[in-house]
Amino acid sequence: MTHVMRQQWVMGNWKMNPLTRDEATQLATSISQTSIKENTNLAVAPSMLHLQAVADHVTNSVMIMSQDLCAFSQAQGAYTGDVSAEQLADSGVGAVLIGHSERRQYHAETDDVLIEKMKHALSAGLMVVFCVGEQQAEREAGTHLSVVAEQVRSVLEAVTPNASKLIIAYEPVWAIGTGLSASADDAQAMHAHIRNTTSDLHSDYAGVSILYGGSVKPANAPELAACDDIDGALVGGASLDAAQFLDIYRAFG
Ligand code: PGA
C-alpha cells in the first residue's frame, strides 16, 4: 500500500430528498457556487434517480457519491431494482456509502452484505465511505466502544481496502436525524478508538479519514472540527440547505 495522508471531507447525504429533480439540481447548483478549499473536499450523495442530473449541475471539484450499490454483481445482470458499482462509476460517481444505519435497519443489511458491496465498489475503482455507530442502548450500557470496534473489524478484516480508497464515518445511531449530537469529547474519544482499531489492522490505516455524522449543524461543526481525530462530517438534514451545508464546510479544513 502507498502511504496515505488524512484528508478533510464534508459530505452531504441527501437520503430520499428532495422530492423533485428541479429541487435537486437547484441544490447542486447552489452548492457548487462555493469555492473549494484546497485542504477540504466536498461531496454529495443524491438519490439514485437524481444522480445524473446532479452530476451535470455541479462543478468537477464536488464529488458525486451514491447512497447504495448492488451486493450481487459488480457489473450487470438480472438483479431487479439494483444499480451496480460499474454502472455508478460509468455515471461519474466517485464514492459510495456502505453500512449506513438506515440501510442496516430498514434493509436488514448484515456484515456479509456490506463485505460484498465493499468488494464490488473497490473493484470498480470507487472509494467507500464505511459507516459505523452504536445504538442508544449500547451507549447507555457502556458497550459503545467495543460494538463499534467490532463493526469496523468484521468488515475490514474481510476486505482490507487500500487506505486511499477508504473513509470511515462514525455515526451514532441515536444522533442521526434526532437533533442530538454526540459531544465533541465523546466523538473525539470514539474517533481515536476507531483509529487505533483500524491501525492495528493495517499500519496504513492511520492515514484514513474518519468523519463524524449525526445532527451536524453550523452551530456544532466548529467544535467537532477542532477535535484531533475528526477529519470532516457526513451531514444529513443540514445538507439539504445549501447555506447551512456550506457553513459546515467552511468550519472544517
Ligand atoms: P443527520 O444525518 O445529519 O440528519 O443526523 C446524518 C446521516 O445519516 O448521515
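# Burial, contacts and a ligand

Q: What do the buried residues of α5 pack against?
A: They pack against α3 (85-90), β4 (95-98), α4 (101-106), β5 (127-132) and α7 (144-159). Contact here means heavy atoms within 4.5 Å. Helices (H or I, at least four residues) and strands (E, at least two) are DSSP runs, numbered from the N terminus. The model is predicted: local features need pLDDT of at least 70, side-chain atom pairs count only at pLDDT 80 or more, and totals for chains, interfaces and linings use all residues. Residues are numbered from 1 along each chain as its sequence is written, and side-chain values use heavy atoms, with hydrogens and water left out.

Q: Which residues of α5 are called buried?
A: They are Leu114, Ile115, Lys117, Met118, His120 and Ala121. Buried means under 20% relative accessible area, exposed means over 50%, and partly exposed lies in between (1.4 Å probe, protein chains only).

Q: How do you know that the span of helix α5 agrees with its number of residues?
A: The expected span is 1.5 Å times one less than the number of residues. Helix α5 (residues 111-123) has 13 residues, so it should span 18 Å. Its end C-alpha atoms are 18 Å apart, which agrees. Just after α5, Gly125 takes a positive phi of about 85°.

Q: How far does helix α8 reach from its first C-alpha to its last?
A: It reaches 26 Å. Helix α8 (residues 184-201) has 18 residues, and 26 Å is expected at 1.5 Å a residue. Its buried residues include Ala184, Met190, His191 and Ile194. Among the elements that cover the buried residues of α8 are β5, α7 and β6.

Q: Why is Phe245 called buried?
A: Its relative accessible area is 0%. The cut-off is under 20%, so Phe245 counts as buried. Phe245 is found in helix α10 (residues 242-251). Not counting residues up to four places away in sequence, Phe245 touches ten residues' worth of neighbours such as Val10, Leu42 and Ser239. Phe245 and Ile31 are 214 residues apart in sequence and 8.0 Å apart in space, C-alpha to C-alpha.

Q: Why does Ser73 count as buried?
A: Its relative accessible area is 13%. That is under 20%, so the term fits. Ser73 sits in the loop between β3 (62-66) and α3.

Q: What makes the 3.1 Å between the side chain of Ser73 and the backbone nitrogen of Ala75 a polar contact?
A: A polar contact is a pair of N or O atoms within 3.5 Å; within protein, one must be able to donate a hydrogen and the other to accept it, and residues adjacent in sequence count only if both atoms are side-chain atoms. The Ser73 side chain reaches that nitrogen at 3.1 Å, so the distance fits. The Ser73 side chain also reaches the backbone oxygen of Gln76 at 3.3 Å.

Q: Why is Thr160 called partly exposed?
A: Its relative accessibility is 34%. This lies between 20% and 50%, so Thr160 is partly exposed. Thr160 is in the loop between α7 and β6 (166-170). A polar atom of its side chain lies 3.1 Å from the backbone oxygen of Leu156.

Q: Which residues come nearest to the ligand?
A: Of the 13 residues around the ligand, Lys15, His100, Glu171, Gly177 and Ser215 come nearest. A residue is near a molecule if one of its heavy atoms lies within 4 Å of it. An oxygen atom of the ligand is 2.7 Å from an N or O atom in the side chain of Lys15.
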